[in-house]
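Me: I should like to understand the reasoning behind the terms used for a protein model. Please set each value against its criterion before drawing a conclusion.

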Amino acid sequence: MSTRYEFHSKLYPEEIYIRLRACAKPAKWDSFNSGTFYYKRNKKGFLLWYIGQMRGMLPFRAEVTEKDGGSRILGGFPVWRMAWRTAALFFGFTVLMSPVFGIPLCMYPIIVTMLLLAVPFYAGFWGLTNAAFHRKKRKVILEFIQQHLLE
């Protein structure tokens with residue numbers, strides 16, 4: 001389970017998004033340069049990455065809500081979400097490719113079982129990788145939030 005972080009900002013949610021646009025670049029699938037912060041806004045909040053020497057880091061997933069004349073930023077680095085996404089991509093690829101390789105329909109229960117058994121493996125892989133190799137990046141992202149999005 002990932003650690004949850006909670007920040008209280010004097011800024012309203014829209015002001016937080018304005019600061020994000022000013023201090024980070026919008027995330028695109030092909031534009032990840034080293035030493036750069038990237039963000040992606042979603043319905044309830046935003047995702048924030050820092051690209052250093054290595055790629056593959058989990059993004060900081062934040063939910064922004066208005067609270068007490070400002071905002072509350074609640075988020076973390078979601079290991080299980082990434083594990084489920086990876087397993088779902090694997091399963092989707094397997095289902096789409098099974099007619100190409102001639103896999104019979106009766107094999108789908110076995111494929112689903114393999115998917116369910118693989119999710120803890122993916123969660124462990126992403127969690128250990130993130131903990132071992134991306135500790136500094138997590139710290140840099142949290143410092144970015146404290147410096148740019150709280151006041």
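Me: Why is Cys23 called partly exposed?

Reply: The model is a predicted one. Cys23 has a relative accessible area of 32%. Partly exposed residues lie between the limits of 20% and 50%, so Cys23 is called partly exposed.

Me: What makes Cys106 exposed?

Reply: Its relative accessible area is 58%. The term exposed applies over 50%, and therefore Cys106 is counted as exposed.

Me: How many disulfides does the structure hold?

Reply: The structure holds zero disulfides. The criterion is a pair of cysteine sulfur atoms within 2.5 Å.

Me: Which elements make up the protein chain, and in what order do they run?

Reply: The chain has four helices and six strands. Read from the N terminus, their order is β-α-β-β-β-β-β-α-α-α. Of its 151 residues, 41% count as buried.

Me: What makes the buried residues of helix 1 line one face?

Reply: Helix 1 covers residues 13-23, and its buried residues are Pro13, Ile16, Tyr17 and Leu20. Viewed down the helix axis, these residues fall within an arc of 95°, so they line one face of helix 1. A general rule helps here: an α-helix has 3.6 residues a turn, so residues three or four places apart point the same way.

Me: What covers those buried residues of helix 1?

Reply: The cover includes strand 1 (4-9), strand 3 (36-41), strand 4 (45-51), strand 5 (60-67) and strand 6 (70-76). Helix 4 (135-148) is also part of the cover.

Me: Why are strand 1 and strand 2 said to stand at the edges of the sheet?

Reply: The sheet is open, has six strands in the order 1-6-5-4-3-2, and shows mixed pairing. Strand 1 and strand 2 (25-26) each have a single partner strand, so one side of each is left without a neighbour in the sheet.

Me: How do you know that strand 4 is paired with strand 3 and with strand 5?

Reply: Two strands pair if there are at least two bridges between them. Six bridges join strand 3 to strand 4, and four bridges join strand 4 to strand 5. Both values meet the criterion, so strand 4 is paired with each of these strands. Strand 3 and strand 4 run antiparallel, and strand 4 and strand 5 run antiparallel as well. Strand 3 and strand 4 also form a hairpin, with three residues between them.

Me: Which residues are bridge partners across these strands?

Reply: Phe37 has Tyr50 of strand 4 as its bridge partner. The bridge partner of Phe46 is Ala62 in strand 5. Leu48 stands opposite Phe60, also in strand 5.

Me: Why is strand 4 called largely enclosed?

Reply: Seven of the seven residues of strand 4 are buried, so the rest of the structure largely encloses this strand. Ile51 is found in strand 4. The relative accessible area of Ile51 is 8%, and the limit for buried is under 20%, so Ile51 is buried. The C-alpha atoms of Ile51 and Tyr38, 13 residues apart along the chain, are separated by 7.9 Å.

Me: Why does Phe144 count as buried?

Reply: Phe144 has its place in helix 4. Its relative accessibility is 3%, and buried means under 20%, so Phe144 counts as buried. Phe144 touches Leu20, Cys23, Ala24, Phe37, Leu48 and Leu149, leaving aside residues up to four places away in sequence. Phe144 and Ala24 are 120 residues apart in sequence, and their C-alpha atoms are 9.8 Å apart in space.

Me: Which residues of the largest nonpolar core touch the most other members?

Reply: In this core of 25 residues, they are Leu20, Phe46, Leu48, Phe60, Ile73, Ile141 and Ile145. Two or more residues of the core come from each of helix 1, strand 3, strand 4, strand 5 and helix 4. Helix 4 gives the largest share, four residues. Ile145 touches Phe7, Leu48, Phe60, Ile73 and Leu150, not counting residues up to four places away in sequence. Apart from this core lies another one of five residues, among them Ala87, Leu115, Ala118 and Tyr122.

Definitions and conventions
Residues are numbered from 1 along each chain as its sequence is written. This is a predicted model: local features need pLDDT of at least 70, side-chain atom pairs count only at pLDDT 80 or more; totals for chains, interfaces and linings use all residues. Side-chain values use heavy atoms; hydrogens and water are left out. Buried means under 20% relative accessible area, exposed over 50%, partly exposed in between (1.4 Å probe, protein chains only). The arc is that of the directions from the helix axis to the C-beta atoms. Contact means heavy atoms within 4.5 Å. A nonpolar core is a set of buried Ala, Val, Leu, Ile, Met, Phe, Trp, Tyr and Cys residues joined through side-chain atoms within 4.5 Å.
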